[in-house]
2 protein chains.
Amino acid sequence: MDAQLKKGVLDVCVLAAIKDEDSYGYKIIKDLKPILELSESTLYTILKRLEESRMLVVRSTEFEGRLRKYYHITPTGLQRLEDFKNEWKELMDIYAFIDKEDYH
Amino acid sequence: MDAQLKKGVLDVCVLAAIKDEDSYGYKIIKDLKPILELSESTLYTILKRLEESRMLVVRSTEFEGRLRKYYHITPTGLQRLEDFKNEWKELMDIYAFIDKEDYH
DNA sequence: CGGTATACATCATATTACGAGGTATATTGT
DNA sequence: ACAATATACCTCGTAATATGATGTATACCG
């Protein structure tokens with residue numbers, strides 16, 4: 001998939017991945033794999049950004065000797081998901097423009 | 001509209017804007033305005049990039065004393081539009097993931 | 001004659017995705 | 001016992017990109 005197109009949905013995908021249930025980095029990547037490939041370096045960058053913008057909060061735990069950081073979505077993050085759905089409508093209009101056939 | 005989301009469609013929008021009929025910078029901006037706002041600096045950057053990647057070719061003309069550069073889409077550019085339609089299908093799957101409601 | 005529209009262009013900056021590399025433990029295969 | 005793989009985190013440098021600010025020049029309208 002085109003890199004640029006991907007960028008617009010990456011943040012939101014990560015939020016969607018933790019929306020129903022808290023999750024952690026490694027799991028998020030695996031959960032998203034079927035629909036969207038993203039590297040670890042990309043994910044951790046995104047997670048940090050989402051934390052800074054208060055879309056999620058972090059809770060560090062220890063699980064079987066390894067560190068595990070659980071991410072939990074905030075109301076701000078949920079709002080971001082809602083906003084995205086509206087942006088999606090605009091995007092549909094743009095697509096209609098791109099896709100429109102000329103009947104000449 | 002979210003900047004990131006926009007990025008993925010900018011190039012394709014410009015290609016779509018010249019698909020049926022050759023056009024020039026100033027006109028492209030006005031034509032796209034109803035569906036997508038973009039500044040001149042952004043457009044000229046995009047046009048240059050699209051030219052470098054052979055998606056379009058340029059023909060400079062003089063129109064009423066002013067320089068006017070007409071952009072014409074190439075087969076490569078048309079192919080890019082086709083590829084985008086396939087990418088759009090992937091994007092629809094991603095949206096389905098983001099939008100999915102949890103019935104608990 | 002001043003403002004607005006037309007029409008091009010460049011530069012600096014901020015944001016971003018990602019590969020490459022690093023650390024450390026647990027599990028599985030041979 | 002040892003190697004490989006999976007799990008799980010992190011940082012740094014780089015390349016690509018959108019955009020505001022700025023500049024140049026002509027045409028038209030009041």
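A colleague and a modeller talk through the terms used for this predicted model.

Colleague: What should I know about the model before we start?

Modeller: The model is predicted, so local features need pLDDT of at least 70, side-chain atom pairs count only at pLDDT 80 or more, and totals for chains, interfaces and linings use all residues. Residues are numbered from 1 along each chain as its sequence is written, chains are lettered from A and ligands numbered from 1 in the order in which they are written, and side-chain values use heavy atoms, with hydrogens and water left out.

Colleague: Why is K19(A) called buried?

Modeller: Buried means under 20% relative accessible area, exposed over 50%, partly exposed in between (1.4 Å probe, protein chains only). K19(A) has 18% relative accessibility, so K19(A) counts as buried.

Colleague: What makes the link between K19(A) and K100(B) a polar contact?

Modeller: A polar contact is a pair of N or O atoms within 3.5 Å; within protein, one must be able to donate a hydrogen and the other to accept it, and residues adjacent in sequence count only if both atoms are side-chain atoms. The side chain of K19(A) reaches the backbone oxygen of K100(B) at 3.0 Å.

Colleague: Which residues come nearest to DNA strand D?

Modeller: A residue is near a strand if one of its heavy atoms lies within 4 Å of it. There are 26 such residues around DNA strand D, and Y26(A), E40(A), Y44(A), R68(A) and K69(A) come nearest. On the DNA side, sugar and phosphate make up 69% of the strand D atoms within 4 Å of the protein.

Colleague: How do you know that S41(B) makes a polar contact with a base of DNA strand D?

Modeller: A polar side-chain atom of S41(B) lies 2.7 Å from a base nitrogen of that strand. The cut-off is 3.5 Å, so the pair qualifies. Y24(A) has a side-chain N or O atom 2.9 Å from a phosphate oxygen of DNA strand D. For T42(B), the corresponding distance is 3.2 Å.

Colleague: Which element gives the most to the surface near DNA strand D?

Modeller: That is α3(B), with 5 residues. Helices (H or I, at least four residues) and strands (E, at least two) are DSSP runs, numbered from the N terminus.

Colleague: What polar contacts reach DNA strand C?

Modeller: Among them, S41(A) places a polar side-chain atom 2.7 Å from a base nitrogen. Y26(B) uses a backbone N or O atom, 2.7 Å from a phosphate oxygen. K30(B) brings a polar side-chain atom to 2.9 Å from a phosphate oxygen. α3(A) gives the most to the surface near this strand, with 5 residues.
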